[in-house]
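These are my notebook entries on one structure, written while I looked up how its helices pack, where its rings pair and which backbone angles stand out.

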Amino acid sequence: MNGTTIERWVNLIMQATARIGKDWTRVKKYKEYLEEAGFEDVVEKKYEWPVGTWASGKRAKTLGMWYREDLLSGLQGFTMALLTRALGMSTAEVELLLAGVREDIRSNKVHIYIPV
């Protein structure tokens, strides 16, 4: 992922969410939050889904295809909102960035896993 448009996009998204006070890395703390709320015997299962059909195996390819399409369908909406409002980027700048992000995601050359 180093040097790709998607790497730049991730960094910008994390900057924007931090600027508006939303921690998108808090997923790692969900088990802790549930235990603090009083739940007992909380079981946490961690998975990694590929983004795209590059992964080997029928199941991984199917998950990757589904997640790629899910990500692409919402990409413009949340990216545009975050980067224009939190970072002051122009619509044109965001659209240019998104063109490269979509290309990276669709290419299958960038092998990305999303933790779930």
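**Entry 1: α3 and α4**

Is the crossing of α3 and α4 left-handed or right-handed? I am working from a predicted model, and in it I find that the crossing of α3 and α4 is right-handed. The two axes come within 10 Å and cross at roughly 155°. Angles over 145 degrees count as roughly antiparallel, so α3 is roughly antiparallel to α4. I then looked up who makes the contact: on the side of α3 I listed Arg68, Leu71, Leu72, Leu75, Gln76, Thr79, Met80, Leu83 and Thr84, and on the side of α4 (residues 91-107) Thr91, Val94, Glu95, Leu97, Leu98, Val101, Arg102, Ile105 and Arg106. Sorted by class, this contact of α3 with α4 holds ten nonpolar, four polar and four charged residues.

**Entry 2: α1 against α3**

I turned next to α1 and α3, whose axes come within 10 Å and cross at roughly 50°. That angle makes α1 oblique to α3, and the crossing is left-handed. From α1 the contact takes in Trp9, Leu12, Ile13, Ala16 and Thr17, and from α3 it takes in Leu71, Leu75, Phe78, Thr79, Leu82 and Leu83. How many charged residues does the contact of α1 with α3 have? I find no charged residues there, beside nine nonpolar and two polar ones.

**Entry 3: α1 against α4**

For α1 and α4 I noted an angle of about 120°, with the axes 8 Å apart. This makes α1 oblique to α4, and I recorded the crossing as left-handed. Thr5, Ile6, Arg8, Trp9 and Leu12 of α1 meet Leu97, Leu98, Gly100, Val101, Asp104 and Ile105 of α4. The class count for the contact of α1 with α4 is seven nonpolar, two polar and two charged residues. Going back over the lists, I see that Trp9 and Leu12 of α1 serve in the contact with α3 and also in the contact with α4.

**Entry 4: Arg19**

I followed α1 (residues 5-19) as far as Arg19, which belongs to that helix. Arg19 counts as exposed, because its relative accessibility is 56%. Leaving aside residues up to four places away in sequence, Arg19 touches Ala86 and Leu87. The C-alpha atoms of Arg19 and Leu82 are separated by 9.6 Å, although the two residues are 63 residues apart along the chain.

**Entry 5: aromatic pairs**

How many aromatic pairs does the structure hold? I count five aromatic pairs. In one of them, the rings of Tyr30 and Tyr33 have their centres 6.4 Å apart and their planes at 45°, so I enter the pair as tilted. Both residues sit in helix α2 (residues 30-36), and because they are three residues apart there, about one helical turn separates them. Tyr30 is partly exposed at 41% relative accessibility, and Tyr33 is partly exposed at 35%.

Another pair is formed by Trp54 and Tyr113, which I entered as edge-to-face, with 5.1 Å from centre to centre and 85° between the planes. Trp54 lies in the loop between β1 (48-50) and α3 (58-85), while Tyr113 lies in strand β2 (residues 113-115), so this pair ties together parts that are 59 residues apart in sequence. Is Trp54 buried or exposed? With a relative accessible area of 18%, Trp54 is buried, whereas its partner Tyr113, at 43%, counts as partly exposed.

I also noted that ring pairs link Trp9, Trp24 and Phe78 into a cluster. Trp9 and Phe78 were already on my list for the contact of α1 with α3.

**Entry 6: positive phi**

Last, I looked up residues with a positive phi that are not glycine. Asp41 has a phi of about 55°, and its place is in the loop between α2 and β1. Asp41 counts as exposed, because its relative accessibility is 75%. Asn108, also a residue other than glycine, has a positive phi near 65° and lies in the loop between α4 and β2. At 22% relative accessibility, Asn108 counts as partly exposed, since the limit for a buried residue is under 20%.

Notes. Residues are numbered from 1 along each chain as its sequence is written. This is a predicted model: local features need pLDDT of at least 70, side-chain atom pairs count only at pLDDT 80 or more; totals for chains, interfaces and linings use all residues. Side-chain values use heavy atoms; hydrogens and water are left out. Rings of Phe, Tyr and Trp (its six-membered ring) pair if their centres lie within 6.5 Å; planes under 30 degrees apart count as stacked, over 60 as edge-to-face and the rest as tilted. Helices (H or I, at least four residues) and strands (E, at least two) are DSSP runs, numbered from the N terminus. Buried means under 20% relative accessible area, exposed over 50%, partly exposed in between (1.4 Å probe, protein chains only). Contact means heavy atoms within 4.5 Å. Axes are lines fitted to C-alpha atoms, for helices over the stretch in contact, and angles run from 0 to 180 degrees between N-to-C directions. Angles under 35 degrees count as roughly parallel, over 145 as roughly antiparallel, 65 to 115 as roughly perpendicular and the rest as oblique. A crossing is left-handed if the near helix is turned anticlockwise from the far one by less than a right angle, and right-handed if clockwise. Ala, Val, Leu, Ile, Met, Phe, Trp, Tyr, Cys and Pro count as nonpolar, Asp, Glu, Lys and Arg as charged, and the others, Gly among them, as polar.
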